[in-house]
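Visitor: I'm new to this one. Can you walk me through it?
Guide: Sure. Here it is.

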Amino acid sequence: MDLELDGADLKAVLNRLRRAQGQIAGVIRMIEEGRDCEDVVTQLAAASRALDRAGFAIIATGLQKCVADIEAGRTQGEDAAAMRARMEKLFLSLA
């Protein structure tokens, strides 16, 4: 299954990933500077949440595509079940 995000979805996912990238850079800086452990972990948790949200947005888009394909009759029987299993596996990988 190819990743196909429309303009708004793509922008939202990229923004989340850029935010996480900045937060991770901040965590690295904080560790290099010897900052307080609690501050570092708080920032690391924020980066983790940003990555999770980006992943869930990508999976949600995939689920919408699967549903649209099934409703349009482009996927039937084994294909639909296999697609559902793949999406479930992806979802659980973020849980």
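Guide: One term to start with: buried means under 20% relative accessible area, exposed means over 50%, and partly exposed lies in between. Also, this is a predicted model.

Visitor: Okay, so is Ile-24 buried, exposed or partly exposed?
Guide: Partly exposed, because its relative accessibility is 36%, and partly exposed runs between 20% and 50%. Ile-24 lies in helix α1.

Visitor: Which surface patch is Ile-24 part of?
Guide: A nonpolar one. Ile-24 shares it with Leu-10, Leu-14, Leu-17, Ile-28 and Leu-51. Together they have about 450 Å² of accessible area.

Visitor: Which helix gives the largest share of the nonpolar patch?
Guide: Helix α1, with 5 residues.

Visitor: Why would residues three or four places apart point the same way?
Guide: Because an α-helix has 3.6 residues a turn.

Visitor: Let's zoom out. How many helices and strands are there?
Guide: The chain has 3 helices and 0 strands. In sequence order the pattern is α-α-α.

Visitor: And how much of the chain is buried?
Guide: Buried residues are 23% of the 95 in the chain. The accessible surface is about 6,800 Å². Carbon and sulfur atoms hold 56% of that surface.

Visitor: What about contacts between residues far apart in sequence?
Guide: Take the contacts with a separation of 6 or more. Of these, 66% join residues 24 or more positions apart.

Visitor: Back to α1. What does it span?
Guide: Helix α1 covers residues 7-32, which is 26 residues. From first C-alpha to last it reaches 37 Å, close to the expected 38 Å.

Visitor: Which residues of α1 are buried?
Guide: Val-13, Ala-20, Gln-23, Gly-26, Val-27 and Met-30.

Visitor: Why does Gln-23 count as buried?
Guide: Because its relative accessible area is 14%, and the cut-off for buried is under 20%.

Visitor: What does Gln-23 touch?
Guide: Setting aside neighbours within four places in sequence, Gln-23 contacts Gln-43, Ala-46, Ala-47 and Ala-50.

Visitor: New topic. How many salt bridges are there?
Guide: The whole structure has 1 salt bridge. Glu-33 and Arg-35 form it through their side chains, at 3.9 Å from N to O. Side chains of opposite charge can pair when their charged atoms come close.

Visitor: Are those two buried or exposed?
Guide: Glu-33 is exposed, at 52% relative accessibility. Arg-35 is partly exposed, at 42%.

Visitor: What happens just after α1?
Guide: Gly-34 takes a positive phi there, about 70 degrees.

Terms used: Residues are numbered from 1 along each chain as its sequence is written. This is a predicted model: local features need pLDDT of at least 70, side-chain atom pairs count only at pLDDT 80 or more; totals for chains, interfaces and linings use all residues. Side-chain values use heavy atoms; hydrogens and water are left out. Helices (H or I, at least four residues) and strands (E, at least two) are DSSP runs, numbered from the N terminus. Buried means under 20% relative accessible area, exposed over 50%, partly exposed in between (1.4 Å probe, protein chains only). Contact means heavy atoms within 4.5 Å. Accessible areas come from the Shrake-Rupley method with a 1.4 Å probe; for residues, only the protein chains shown count as cover. The expected span of a helix is 1.5 Å times one less than its number of residues. Patches are made of residues with over 30% relative accessible area and no salt bridge: like charges are joined within 9 Å, nonpolar side chains (Val, Leu, Ile, Met, Phe, Trp, Tyr) within 5 Å. A salt bridge is a side-chain nitrogen of Lys or Arg within 4 Å of a carboxyl oxygen of Asp or Glu.
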